[in-house]
Amino acid sequence: MPPSVLLEIPVEQRHSASLLQLHYNRVRRFTEFLCRPLAIEDHIPQSMTDASPTKWHLAHTSWFFERFVIKTADPRHRPLRDQYFHLFNSYYHQAGTMYPRPRRGLITRPTVAEVYEYRAEVDAIMRRLLSNGTEATLEAILPIVEIGLHHEQQHQELILTDLKHLFSHNPLRPSYARSIARADQRPGAPSWAEYTGGLVEIGHEGGTFAYDNEGPRHQVYLQPFRLATRPVTCGEYLEFMHEDGYGRVELWLSDGWATVHQEGWRAPLYWEQVDGRWWQFTMSGMRPVDPAEPVCHVSFYEADAFARWAGARLPLEAEWEHAAAGRLLEGNFVEQGRYHPAPAAPESRNGSHGGNERRREGGARQLFGDVWEWTASPYTAYPGFRTAEGGLGEYNGKFMSSQMVLRGGSCLTSRSHIRPTYRNFFYPAARWQMSGIRLAADA
């Protein structure tokens, strides 16, 4: 089992240097833990423009601490490696120049060993700052350290999703992790949880860490709605495919229909049909599609088309957050070491059983972990949002265009990284993330 990387910092100790140092060490070690199964050769290639080599992730997360934390603590700090500030800057134009993203796989030097040395040097400076920094220095850097830890957890998830995409192109179909045991539990027929709606509040309340795009907290009015009590399963998606879901133009948004034909989509990413049976590539290699598992690696376009086929729709992100508010963060996360979605637990005895039977408000299950859930909401600013000043202001705000919001985290997300207000976002055609579907409907 991977080491714990919980970042559940009490409000009153949120910027405690000693506590953040403890969590800094845990997060940094966990990144390297995720890389242990890899050969040196696995660290270097780049399988597509949207993905990055593992070596680049290892260096970039260290660059983040050097550029934004160490240089804040000492503006006279000179880069540990002169070219690293250029090679491993991602998209922070105010932080300097950057190497083109599509060519990251060509960076064979520095070597993997040299990148690990760089990580160790950054860690040594960070530990000195957190242990011996002046009160003024700590006040300036601790909020940035907190952002940096969550930033690295995002890249831990990207390391795994990018590796999966890379391995899927290898005809040997290599495995990253041990075989996934087939889950005995079957989720049962789909059912609905009803919500009365009305005037509700969404957005982060403050007091604990959140990204700037999760606020300000504000009121929205929701019409009464229903939310599926679990994500859509592979078996249900197979029914959509068998009924020619990919060939029925009336189910698709115009851009989605064009993308289906341009890309030749006929199934989720990583699915293959062999001798009439569907298989999927996983972090443990090829395995038969399990009808009970949540379907994943579908685009927003596919999620939307499936919802139309099912006579439903995708949830608004405000509906999703209202349903998730106050829920325990229970689910299948990266800490479990499964690295693959698990079937939902069966309905409890006091819940509903059967396709159209309704559940009391609050009955949605499996909201966290397993698969990111597409919403019908575009990624835009909340009322009153203001982009932060400086380089870190480029973290979220400048991407509020042409992308859609996902909620809930996945089996590759750290439990300590997710919360009900967390807003993930990707372009609607993206499929290499662990993205799935939860249905909604008007009540």
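How much area does the protein expose, and what share of it do carbon and sulfur atoms supply? Switch on the surface view: the protein exposes about 18800 Å², and 51% of that comes from carbon and sulfur atoms. Keep in mind as you look around that this is a predicted model.

**The whole chain**

Go back to a cartoon view. You'll find 9 helices and 13 strands. The radius of gyration is 22 Å, close to the 22 Å that the globule rule gives for 443 residues, so the protein is as compact as a globular protein of that length. Turn it along its principal axes and the C-alpha trace spans about 65 × 50 × 40 Å.

Now colour by burial: 58% of the 443 residues count as buried. If you show contacts with a separation of 6 or more, 80% of them are between residues 24 or more positions apart. Colouring by charge brings up 47 positive and 51 negative charges, whose mean positions are 2 Å apart.

**Into the core**

Next, select Tyr176, Phe240, Tyr339 and Ile437. These four touch the most other members of the largest nonpolar core, a set of 120 residues. Add helix α5, residues 135-168, which gives this core its largest share, 11 residues.

Zoom in on Tyr176. Leaving out residues up to four places away in sequence, Tyr176 touches Leu34, Pro37, Leu38, Leu160, Leu163, Phe167, Met283 and Tyr339. Apart from the largest core lies another one, of 5 residues; pick out Tyr379, Phe385, Met400 and Phe425 among them.

**A covered helix**

Select residues 234-242, helix α6. Is this helix mostly covered or mostly uncovered? Mostly covered: 7 of its 9 residues are buried. Those are Cys234, Gly235, Glu236, Tyr237, Leu238, Phe240 and Met241. To see what covers them, show β5 (271-274), β6 (277-282) and α8 (300-309), which are included in that cover. Then step just past the end of α6 to Asp244, where phi is positive, about 60°.

**Last stop: Phe85**

Select Phe85, which sits in helix α3, residues 84-87. Why does Phe85 count as buried? Its relative accessible area is 13%, and buried means under 20%.

Who are the neighbours? Setting aside residues up to four places away in sequence, Phe85 touches Trp63, Glu66, Arg67, Lys71, Pro79 and Thr97. To finish, draw a distance from Phe85 to Met98: they are 13 residues apart along the chain, and their C-alpha atoms are separated by 7.7 Å.

How values were computed
Residues are numbered from 1 along each chain as its sequence is written. This is a predicted model: local features need pLDDT of at least 70, side-chain atom pairs count only at pLDDT 80 or more; totals for chains, interfaces and linings use all residues. Side-chain values use heavy atoms; hydrogens and water are left out. Helices (H or I, at least four residues) and strands (E, at least two) are DSSP runs, numbered from the N terminus. The radius of gyration is taken over C-alpha atoms; the globule rule is 2.2 Å times the number of residues to the power 0.38. Buried means under 20% relative accessible area, exposed over 50%, partly exposed in between (1.4 Å probe, protein chains only). Contact means heavy atoms within 4.5 Å. Accessible areas come from the Shrake-Rupley method with a 1.4 Å probe; for residues, only the protein chains shown count as cover. Lys and Arg count as positive and Asp and Glu as negative; His and the chain ends are not counted. The place of a charge is taken as NZ of Lys, CZ of Arg, CG of Asp or CD of Glu. A nonpolar core is a set of buried Ala, Val, Leu, Ile, Met, Phe, Trp, Tyr and Cys residues joined through side-chain atoms within 4.5 Å.
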